[in-house]
Amino acid sequence: MRVLVTNDDGIASPGLAVLARVAVEAGADEVVVAAPARDASGASASLYGAEHDGRLVVDRTDAPGLPPGVGSFAVHASPALIAFVAAHGGFGGRPDVVLSGVNRGANTGHAVLHSGTVGAALSAATQGVRGMAVSIAAARPEHWATAGVYAAHVLEWLVEQPGLPDRAVNLNVPDRAVADVRGLRRAPLAAFGSVQATVEEVEQGALQLRYAEVPASRESDTDAGLLLRGWATVTLVHAPAFDADAALPELTGPLDPPAP
């Protein structure tokens, strides 16, 4: 099994080492870390990258705390592009699994649309590679090891699946000691993430964003609500998605040209 580890927090994040150790301990034959050279939070599944002379800019950089034998690259690109490039052999052999994270802060609810962590896992999935995004619900985590324990458990399930076309696993873990986590629950996406943003107009047309935590009681049985109450949550997300039965306008033949 070959595993690529990436994230959207950047090459200096300690969350990379957590997932690299999970992959090594799961018996992966090859583990490679390739992460953005700088923070790419909010990158979603965008495919942007910096080029020099037509080549993607990649630097050999040591991510902190990696297990022996795990190499790492700082890539001047979004996480989704890194996963895409890896799926086409850009960092050695094509990976069997892409692990993305461990992200600082939860990735829950419909806000996963904007997550670079989840975007990398979905990008891998659209290329036929199993993808898992892992996040811990704290901006300054104290229990990275807890995320590793739950990531290892879900990874064991993931590699046993015969195929999950266009689908990726999204795992969120509370920032608690392992013994204090209530367990692991399958959960639907909340209407919002654990934090909701609102836009306010200020003077002279400028806009200001305000953020507020969404109370767990509002959507108690969703990923955001369960996470806030101490559960680790796992959700299968997919993209691209479309409604095959939608009643949309269709036309046989060309439209009439505009009147002169």
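## Exercises: a salt bridge and a cavity

The side chains of Glu30 and Arg2 meet in a salt bridge, at 3.1 Å from N to O. The model is predicted: local features need pLDDT of at least 70 and side-chain atom pairs pLDDT 80 or more, while totals for chains, interfaces and linings use all residues. Residues are numbered from 1 along each chain as its sequence is written, and side-chain values use heavy atoms, leaving out hydrogens and water.

**Exercise 1.** Find which parts of the chain the pair Glu30 and Arg2 links.

*Solution.* Start with the rule: a salt bridge is a side-chain nitrogen of Lys or Arg within 4 Å of a carboxyl oxygen of Asp or Glu. The pair of Glu30 and Arg2, at 3.1 Å, is a salt bridge. Next, place the partners: Glu30 lies in strand β2 and Arg2 in strand β1, 28 residues apart. Strands are DSSP runs (E, at least two residues), numbered from the N terminus.

**Exercise 2.** Decide whether Glu30 is buried, partly exposed or exposed.

*Solution.* Recall the cut-offs: buried is under 20% relative accessible area, exposed is over 50%, and partly exposed is in between (1.4 Å probe, protein chains only). Glu30 has 29% relative accessibility, so Glu30 counts as partly exposed. Try Arg2 too: its value is 37%, so Arg2 is partly exposed.

**Exercise 3.** Sort the lining of the largest cavity by residue class.

*Solution.* First, list the lining: Arg2, Val3, Leu4, Glu30, Val31, Val32, Ala86, Phe91, Gly93 and Pro95. Then apply the classes: Ala, Val, Leu, Ile, Met, Phe, Trp, Tyr, Cys and Pro are nonpolar, Asp, Glu, Lys and Arg are charged, and the others, Gly among them, are polar. The result is 7 nonpolar, 1 polar and 2 charged. A cavity is a set of points on a 1 Å grid over the protein atoms alone where a 1.4 Å probe fits but cannot get out, and lining residues have an atom within 4 Å of a point.

Definitions and conventions. 1 Å grid on protein atoms, 1.4 Å probe; cavity = no way out; pocket = protein on both sides within 12 Å on 5 of 7 lines; lining within 4 Å. Helix = DSSP H or I, 4+ residues; strand = E, 2+ residues; numbered from the N terminus.
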